[in-house]
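Reader: Could you take me through one part of this model up close? I'd like one strand and its neighbours first, and then how that part sits in the rest.

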Amino acid sequence: MRYQSESRQAVWQIVFTVIFILLITALQTTIIRGFEVFHVVPNLLFITVVCYSLQRGNYGALFFGFICGLILDLLGGRAIGINGLLCTFAAYFCVYISDSLFNNNMFVSMFFVGLLTLVYELLTYIFYFAIWGHGAFGYALLCKVLPAAIYNFVFTMVLYPVIRRLAS
Amino acid sequence: MGSRKKLTILVLIVTVVIFVMMAVSFVARSSSAPGHIVGTVVRPVQQFFSGIGHGVSGFFRFFGDMKDYQTENLELKDNVAKLEEQVRSLESYKQENERLRQLLELKSREAERDTVGCEVIAKDPGNWFYTFTIDKGSEADISVNDTVIAAQGLVGRVTEVGLGWSKVLSIIDVESSVGALVSRTQDFAIVDGELSLADKGLCKLSYVTTGAHLVVGDAVVTSGLGGVYPEGILIGTVSEIQNDSMGYSRYALVDTAVDFERIREVMVIRSHGSHS
């Protein structure tokens with residue numbers, strides 16, 4: 001009986017997670033453009049990956065990161081893999097440190113979202129632009145990477161309560 | 001085996017899987033089946049949110065004004081709200097009417113070309129690229145490399161086609177390169193997207209002929225060379241002329257005719273697969 005109840009709960013959690021990913025994906029490509037500040041929008045999927053992984057701290061988070069990264073790749077229409085890889089590593093990092101965190105609250109999530117967004121956006125720039133000779137590093141850092149990190153840091157406050165419920 | 005060790009092994013496996021996928025997608029130059037599935041599943045939700053997204057600014061403005069209304073008479077508040085809503089709605093209809101009128105005029109201009117009108121339903125999820133999704137795909141006989149235009153001028157080209165959706169690469173994207181012609185001087189050049197210019201709606205006009213006498217305001221149109229874009233479509237106007245860092249060659253900045261931030265309706269010039 002208890003086993004049935006737990007498995008039913010697990011199924012519902014998977015269903016809610018899939019619906020949540022679908023919703024976040026749709027928002028990321030539509031309404032979120034309305035929140036554009038200095039030509040930068042928050043990356044809801046990446047924020048979700050980091051917060052979810054910090055909350056879950058298990059293999060499920062890794063899979064979650066992998067799926068969200070792949071969705072970013074597929075929606076972007078570029079070669080598949082870069083976002084998949086970056087999101088998986090971000091999830092791995094978060095799962096790895098989640099055990100060591102003394103206090104796992106919203107501010108900790110905000111800090112790691114900001115920090116990992118910096119790394120994520122810098123690597124995105126390197127993979128898609130720098131190695132193909134597009135240059136403009138100063139512009140990329142000041143007008144894309146840093147604003148994106150700050151924006152994701154702030155936007156975590158909006159998503160954190162929902163993700164916390166989803167991951168629990 | 002420790003939990004962290006298991007986790008590391010799992011990450012390594014996932015990494016290998018991703019590298020295989022990267023290699024496959026790089027060879028295929030398309031996201032193929034998985035991309036089509038995600039595109040088709042997400043499209044209805046995107047269409048729904050796209051409609052809401054267009055009015056999101058007005059929605060927040062409405063809530064911002066609520067505080068002021070509280071200090072006013074209740075009846076007056078209702079009237080003002082209704083009238084404002086009406087004005088906003090009429091303004092939106094007026095703008096839509098204007099855009100559709102322009103598109104109709106364009107349609108008659110482009111009568112000899114086989115075109116189909118489409119609506120922009122989604123934009124690139126990130127901050128680096130300038131691609132967007134339109135609401136028509138293979139069912140409307142749109143194919144890869146079809147030219148996309150708006151009432152004002154050239155928008156880009158189709159890069160991926162699915163059932164009920166297509167992805168469009170804007171001319172301001174770094175991956176875009178368009179064969180161009182300066183209308184007044186008939187000089188050939190190339191219009192490229194640049195990372196640092198894209199947000200300002202600018203492109204770089206490079207490979208300008210040495211003796212070309214460009215002036216600010218010169219219209220730049222597609223040359224038709226390269227086989228992707230038909231000739232004579234307005235790209236934009238020259239806004240600045242500069243020398244490169246070595247001083248050997250010149251390039252110009254082109255202010256694109258299309259406002260990519262506010263683009264909502266476009267037209268696809270169908271080639272019926274003759275590009276691919």
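**Strand 5 of chain B and its surroundings**

Author: Let's start at a turn. Strand 4 of chain B and strand 5 of chain B form a hairpin with two residues between the strands, and there Gly164(B) has a positive phi near 85 degrees. Keep in mind that this is a predicted model.

From that turn we go straight into strand 5 of chain B, residues 165-170, which is mostly covered: six of its six residues are buried. Look at which way the side chains go. Trp165(B), Lys167(B) and Leu169(B) point one way, Ser166(B), Val168(B) and Ser170(B) point the other way, and all are buried. So which strands does it pair with? On one side there's the hairpin partner: strand 4 of chain B runs antiparallel to strand 5 of chain B, and six bridges join them. Within that pairing, Arg157(B) sits opposite Leu169(B). Then there's strand 2 of chain B, residues 131-134, also antiparallel to strand 5 of chain B and joined to it by four bridges. Here Phe132(B) has Val168(B) as its bridge partner.

Now zoom out a little. These strands belong to a closed barrel of six strands in chain B, which runs 1-2-5-4-3-12 with antiparallel pairing. From one strand to the next, the twist averages 45 degrees. Elsewhere in that order, strand 1 of chain B pairs with strand 12 of chain B (residues 265-269), in the antiparallel sense and over five bridges. Across that pair, Glu119(B) stands opposite Glu265(B).

Chain B has another barrel to look at. Six strands close up in the order 6-7-8-11-10-9, again with antiparallel pairing, and the twist there averages 40 degrees from one strand to the next. For a detail, take strand 9 of chain B (residues 219-222) and strand 10 of chain B (residues 234-243): they run antiparallel, joined by three bridges. Val221(B) has Leu234(B) as its bridge partner in strand 10 of chain B.

As for the whole chain, the count for chain B is five helices and twelve strands. Of its 276 residues, 35% are buried. If you take contacts in chain B between residues at least 6 apart in sequence, 57% of them join residues at least 24 apart.

Next, the partner chain. In chain B, 41 residues are in contact with 41 residues of chain A. Strand 4 of chain B, the hairpin partner we met above, is one of the elements that each supply at least two residues to that side, and strand 1 of chain B is another. The largest share, twelve residues, comes from helix 1 of chain B. By class, the side of chain B that touches chain A has 22 nonpolar, 13 polar and six charged residues.

Over in chain A, have a look at helix 5 (residues 106-128) and helix 6 (residues 137-167). Their axes come within 8 Å and cross at roughly 150 degrees. An angle over 145 counts as roughly antiparallel, so helix 5 of chain A is roughly antiparallel to helix 6 of chain A. The crossing of these two helices is right-handed. Among the residues making the contact are Gly114(A), Leu118(A) and Tyr125(A) from helix 5 of chain A, and Ala148(A), Phe153(A) and Tyr160(A) from helix 6 of chain A. The residues of this contact divide into 13 nonpolar, five polar and two charged.

How values were computed:
Residues are numbered from 1 along each chain as its sequence is written. Chains are lettered from A and ligands numbered from 1 in the order in which they are written. This is a predicted model: local features need pLDDT of at least 70, side-chain atom pairs count only at pLDDT 80 or more; totals for chains, interfaces and linings use all residues. Two residues are in contact if their C-beta atoms, placed from the backbone, lie within 7 Å. Ala, Val, Leu, Ile, Met, Phe, Trp, Tyr, Cys and Pro count as nonpolar, Asp, Glu, Lys and Arg as charged, and the others, Gly among them, as polar. Two strands pair if DSSP finds at least two bridges between them. Axes are lines fitted to C-alpha atoms, for helices over the stretch in contact, and angles run from 0 to 180 degrees between N-to-C directions. A residue is buried if 20 or more other C-beta atoms lie within 10 Å of its own, exposed if 12 or fewer, and partly exposed in between; C-beta atoms are placed from the backbone. Angles under 35 degrees count as roughly parallel, over 145 as roughly antiparallel, 65 to 115 as roughly perpendicular and the rest as oblique. A crossing is left-handed if the near helix is turned anticlockwise from the far one by less than a right angle, and right-handed if clockwise.
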